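Biologist: I should like to go through this structure with you. Could we begin with a turn between two strands and then work outwards?

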Amino acid sequence: MTISLQLLFKEIDQVTDEQDLRSQVVPKIGEYFATKRSGIFFFDQLLADRNLQKLLKVALSVEHNPVARYLAERHTPVHEGLVTSPKAWAIICPRPDHWHVMAGPIVNRGQLVGVVGCTREQSMPAFDTQNLADLSAMCLHLSVWAATVRSRSVSVGEASPTGIGKSQHQSFKSDRLTPRELQIAELVALGRTNAEIGRELWITENSVKQALKRMFRKLEVSSRAEMVAQLSATKHHLPSIKMSPSNLMQNTHQ
């Protein structure tokens with residue numbers, strides 16, 4: 001390790017946006033843990049980017065990935081050796097550059113909002129308890145960063161040519177939804193299928209499908225995942241929205 005934990009803490013504290021977090025901090029995390037790959041992922045960004053939704057289906061599937069399940073249930077760092085055998089892990093994740101995997105939680109307001117991930121090849125040493133302890137310390141600082149710097153940038157939004165911030169523009173779009181449509185959106189965010197939403201609201205499954213089509217047009221989105229990501233940025237519209245990893249997974253494709 002050629003970089004100290006204290007230096008990493010300072011780097012995290014000094015970055016002002018996600019671009020700097022990924023370009024300046026992620027490489028140093030990879031250097032500290034001597035990884036093949038490393039990354040920081042926020043769930044709302046994964047939902048908004050179709051190219052990254054495959055990551056939700058595979059790497060962050062709590063149904064199929066015991067590392068993701070352990071992380072979601074306990075909000076504490078984990079490596080594959082804690083939750084499964086090498087033989088089982090090779091079946092779950094056959095990629096040679098993911099032979100050893102370690103992940104840590106980024107938490108905000110009691111919710112898991114992101115993940116720090118590190119991988120090593122088969123020829124490299126497995127992650128150990130000291131690695132987990134060090135990652136836990138990093139995740140503490142990243143969680144503070146997410147609760148302050150990142151939350152502030154999301155609430156302020158980026159200025160548009162008209163002078164309206166991004167989050168304010170999203171708020172205006174979400175205001176177009178009716179109370180019934182907000183109910184449907186809330187149930188979508190909770191992982192309900194169209195049939196389950198219909199039964200809960202005493203409407204037909206087809207009525208749910210048609211309502212979702214109208215909602216997509218109003219919000220200018222093309223998927224359930226994008227809708228949830230946009231509405232989660234204006235949480236006062238959906239006070240009981242739950243963005244857990246399992247709900248994120250269930251809402252990626254329906």
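Modeller: Certainly. β3 and β4 form a hairpin in which 2 residues lie between the strands. Arg 109, in the turn, has a positive phi of about 55 degrees. Please keep in mind that this is a predicted model.

Biologist: How many bridges join β3 to β4?

Modeller: There are 9 bridges between β3 and β4, and the two strands run antiparallel. As an example of facing residues, Val 107 stands opposite Leu 112 in β4.

Biologist: Is β3 mostly covered or mostly uncovered?

Modeller: Mostly covered: of the 9 residues in β3, 8 are buried.

Biologist: And what is the order of the strands in the sheet?

Modeller: The sheet is open and has 4 strands in the order β1-β4-β3-β2, with antiparallel pairing. The edges are taken by β1 and β2 (78-79), each of which has a single partner strand, so one side of each is left without a neighbour in the sheet.

Biologist: What joins β2 to β3?

Modeller: Those two strands run antiparallel and are joined by 2 bridges. Val 78 has Ala 103 in β3 as its bridge partner.

Biologist: Which helix packs on the sheet?

Modeller: Helix α2 does, touching β1, β3 and β4. The direction of α2 makes about 140 degrees with that of β1.

Biologist: Let us return to β4. What does Val 113 touch?

Modeller: Val 113 is found in strand β4. Leaving aside neighbours within four places in sequence, Val 113 is in contact with Phe 41, Phe 42, Phe 43, Ile 106, Val 107 and Asn 108. In addition, the C-alpha atoms of Val 113 and Ala 146 are separated by 8.5 Å, although these residues are 33 apart along the chain.

Biologist: Now the core. Which residues of the largest nonpolar core touch the most other members?

Modeller: That core has 28 residues, and the ones that touch the most other members are Leu 21, Ile 29, Phe 33, Ile 40, Ile 106, Val 116 and Met 138. Two or more residues come from each of α1 (5-14), α2 (18-33), β1 (37-42), β3 (100-108), β4 (111-120) and α8 (129-156). Helix α8 gives the most to this core, with 8 residues.

Biologist: Is there another core apart from that one?

Modeller: Another core, of 19 residues, lies apart from it; Leu 187, Val 188, Ala 189 and Phe 216 are among its members. As background, nonpolar side chains tend to be buried together in soluble globular proteins.

Biologist: Which residues does Val 116 touch?

Modeller: Not counting residues up to four places away in sequence, Val 116 touches Ile 29, Gly 39, Ile 40, Met 102, Ala 103, Gly 104, Ile 106, Leu 135, Cys 139 and Leu 142.

Biologist: A change of topic: at what angle do α10 and α12 pack?

Modeller: Helix α10 (residues 179-189) and helix α12 (residues 205-219) pack at about 95 degrees, with their axes 10 Å apart. Angles of 65 to 115 degrees count as roughly perpendicular, and α10 and α12 are therefore roughly perpendicular to each other.

Biologist: Which residues make the contact?

Modeller: From α10 they are Glu 181, Ile 184, Ala 185 and Val 188. From α12 they are Ala 211, Leu 212, Arg 214, Met 215 and Lys 218.

Biologist: You mentioned a positive phi in the turn. Which residue in the loop between α2 and β1 has one?

Modeller: Ala 34, which is found in that loop, has a positive phi of about 50 degrees although it is not a glycine. Ala 34 counts as partly exposed because its relative accessibility is 44%.

Biologist: And Thr 35, is that buried or exposed?

Modeller: Thr 35 also lies in the loop between α2 and β1. Buried means under 20% relative accessible area, so Thr 35, at 17% relative accessibility, counts as buried. Apart from neighbours within four places in sequence, Thr 35 is in contact with Gly 30, Cys 118, Thr 119, Arg 120, Met 124 and Phe 127.

Biologist: What about Trp 202, is that buried or exposed?

Modeller: Trp 202 counts as exposed because its relative accessibility is 80%. Trp 202 is found in the loop between α11 (194-201) and α12, and its phi is near 60 degrees, a positive value in a residue other than glycine.

Biologist: Finally, how many helices and strands are there in the chain?

Modeller: The chain has 14 helices and 4 strands. Of its 254 residues, 47% count as buried.

Key. Residues are numbered from 1 along each chain as its sequence is written. This is a predicted model: local features need pLDDT of at least 70, side-chain atom pairs count only at pLDDT 80 or more; totals for chains, interfaces and linings use all residues. Side-chain values use heavy atoms; hydrogens and water are left out. Buried means under 20% relative accessible area, exposed over 50%, partly exposed in between (1.4 Å probe, protein chains only). A nonpolar core is a set of buried Ala, Val, Leu, Ile, Met, Phe, Trp, Tyr and Cys residues joined through side-chain atoms within 4.5 Å. Contact means heavy atoms within 4.5 Å. Two strands pair if DSSP finds at least two bridges between them. Axes are lines fitted to C-alpha atoms, for helices over the stretch in contact, and angles run from 0 to 180 degrees between N-to-C directions. Angles under 35 degrees count as roughly parallel, over 145 as roughly antiparallel, 65 to 115 as roughly perpendicular and the rest as oblique.
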